[in-house]
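Colleague: I would like a close look at one part of this model, with the rest of the chain brought in where it helps. Please keep to what can be read from the coordinates.

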Amino acid sequence: MKSILILMLLLGTSLTGYGQSETDSAQILLITRQMDVLRTDNEILLNSLDLTNRTLNDLINDKKISDGTKWQTIKSNINHSTQLYKVLSDDIIDLKSRLTDEDYQGYIKSLSSIQEGPLGFSFQDIIIESANKIVLFPNKTQLDRFLDVSRNIMSSPIIASVPFVSNAVSASNSILNVAYSASLSDKKNDLTKLKTFENELNRYIAYYTTLDKANVLNQTSNSDRRVLLENLQMELLTKLKKDAPRLGYTVPERRTNESIDSYFNRVLGEFNREWSDKYLSELERKYRNSRGEVNYSDLIQKEMDIKYFNNNVTGLVDLSKKYILYYDNFFEIADNYQLRIIEAIDLARSNNIIKAKKTNSGELSPVQVYEEIITSLRNKKYARDNGIINSINIVELKQQMERVLDYKVI
């Protein structure tokens, strides 16, 4: 209770600092979750202290740990292991679902559009305006024909199907090929103007290419991380199928068209702490005599499945440690991705392609548009990252790992 009161005081002071950016309901939810965690921690701490005291008393009195104390330690260890299965599985599923974020990555996708986006220009319009301004073709009929072809290229389903901003690069290359081909067949055309036109487009293509590299790397990284998490799930499933039968639970087969996430939720909804606690309590009754005394020595020696389960809990802890590495790596990669996106926006600014933009409150200058984009990127990433941190309680996972004791019975 003392630690709960301390937490309430700490939260009361800390929440005032960022309360302006959090809703009241979010603050209440956070406090409630922290209170629940502390209550659980206090209960577990009391149980742990009780086991420690019993162990010390045994050592002081008999210079050895009694079979009763050994059994209580094993029982506590196994029950916490079944809890760890559920926490780890839930965290894996949650992180998989967070590899993409509609708000954050949707905004980045809008930065790559060849239609008008946050930078204040439409690449389609830039191509048309540049061709007209430079007077790319002296013959109006030829120029109109070129513009029609350019519009058709940019609206082509083939170009639109190219992922990320590669469609801007593809469209630009196609249009330049058309322009050069037309110029080669007409000796009157000025190739200097074509070079000027190409240089103008390249100012934009440099931005799109940098953005494209960031997106492609992130997409590849997300695919790799999903594979790693799915492989971790399969490792967890393999261990579960070995461990669960030791506690009298037969893992059911996966149903047709059942996702691996749904499968884990179904299985671990049954195989949990309640299951293990009930199973271990039934074992105790099996070794209880008419006077109500449990023969712990026989229980420990004869129940080989229990010894096996207890002696192999470190494998579950190792899988949890592997997940924590993936979790930490997720944020490292996300930070690098953000830096690459900002690098592309910086290049757009240095190439002077960011345009002024009208808003409901007036017009933003190119500098203000740049600042607005950078702020939006950081705010959306902050919201995404904090959503993950609040959803995936990595502290709870680490606590569950610590509660699983490396206590082996030979």
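In which helix does Thr73 lie? Please start there and then work outward to the packing of the helices.

Modeller: This is a predicted model, and what follows should be read as such. Thr73 belongs to helix 3, which covers residues 67–97. Its relative accessible area is 9%; the cut-off for a buried residue is under 20%, so Thr73 counts as buried. Along the chain, Thr73 and Val404 are 331 residues apart, yet 10.0 Å separates their C-alpha atoms.

That pairing can be set beside the figures for the whole chain. Of the contacts with a separation of 6 or more, 76% are between residues 24 or more positions apart. The chain consists of 410 residues, 43% of them buried, and its secondary structure comprises 16 helices and two strands. The exposed area comes to about 22400 Å², with 52% of it supplied by carbon and sulfur atoms.

Another buried position is Lys239, in helix 9. The relative accessible area of Lys239 is 13%, so this lysine falls in the buried class as well. With neighbours within four places in sequence left aside, Lys239 contacts Tyr85, Asn312, Gly315, Leu316 and Leu319. Tyr85 falls within the residue range of helix 3, while Gly315, Leu316 and Leu319 fall within that of helix 14.

Helix 9 spans residues 191–243 and helix 14 spans residues 314–350; the two pack at an angle of about 170°, and their axes are 9 Å apart. Angles over 145 degrees count as roughly antiparallel, and helix 9 is therefore roughly antiparallel to helix 14. The residues of this contact comprise 21 nonpolar, six polar and six charged ones.

Helix 5, residues 123–134, can be described in similar detail. From its first C-alpha to its last, this helix of twelve residues reaches 16 Å, close to the 16 Å expected at 1.5 Å a residue. Its buried residues are Phe123, Ile126, Ile127, Ile128, Ser130, Ala131 and Ile134. An α-helix has 3.6 residues a turn, so residues three or four places apart point the same way. Among the buried positions of helix 5 are Phe123, Ile127, Ala131 and Ile134, which can be viewed with that spacing in mind. Just after helix 5 comes Val135, where phi is positive at about 55°.

Technical notes. Residues are numbered from 1 along each chain as its sequence is written. This is a predicted model: local features need pLDDT of at least 70, side-chain atom pairs count only at pLDDT 80 or more; totals for chains, interfaces and linings use all residues. Side-chain values use heavy atoms; hydrogens and water are left out. Axes are lines fitted to C-alpha atoms, for helices over the stretch in contact, and angles run from 0 to 180 degrees between N-to-C directions. Helices (H or I, at least four residues) and strands (E, at least two) are DSSP runs, numbered from the N terminus. Angles under 35 degrees count as roughly parallel, over 145 as roughly antiparallel, 65 to 115 as roughly perpendicular and the rest as oblique. Ala, Val, Leu, Ile, Met, Phe, Trp, Tyr, Cys and Pro count as nonpolar, Asp, Glu, Lys and Arg as charged, and the others, Gly among them, as polar. The expected span of a helix is 1.5 Å times one less than its number of residues. Buried means under 20% relative accessible area, exposed over 50%, partly exposed in between (1.4 Å probe, protein chains only). Contact means heavy atoms within 4.5 Å. Accessible areas come from the Shrake-Rupley method with a 1.4 Å probe; for residues, only the protein chains shown count as cover.
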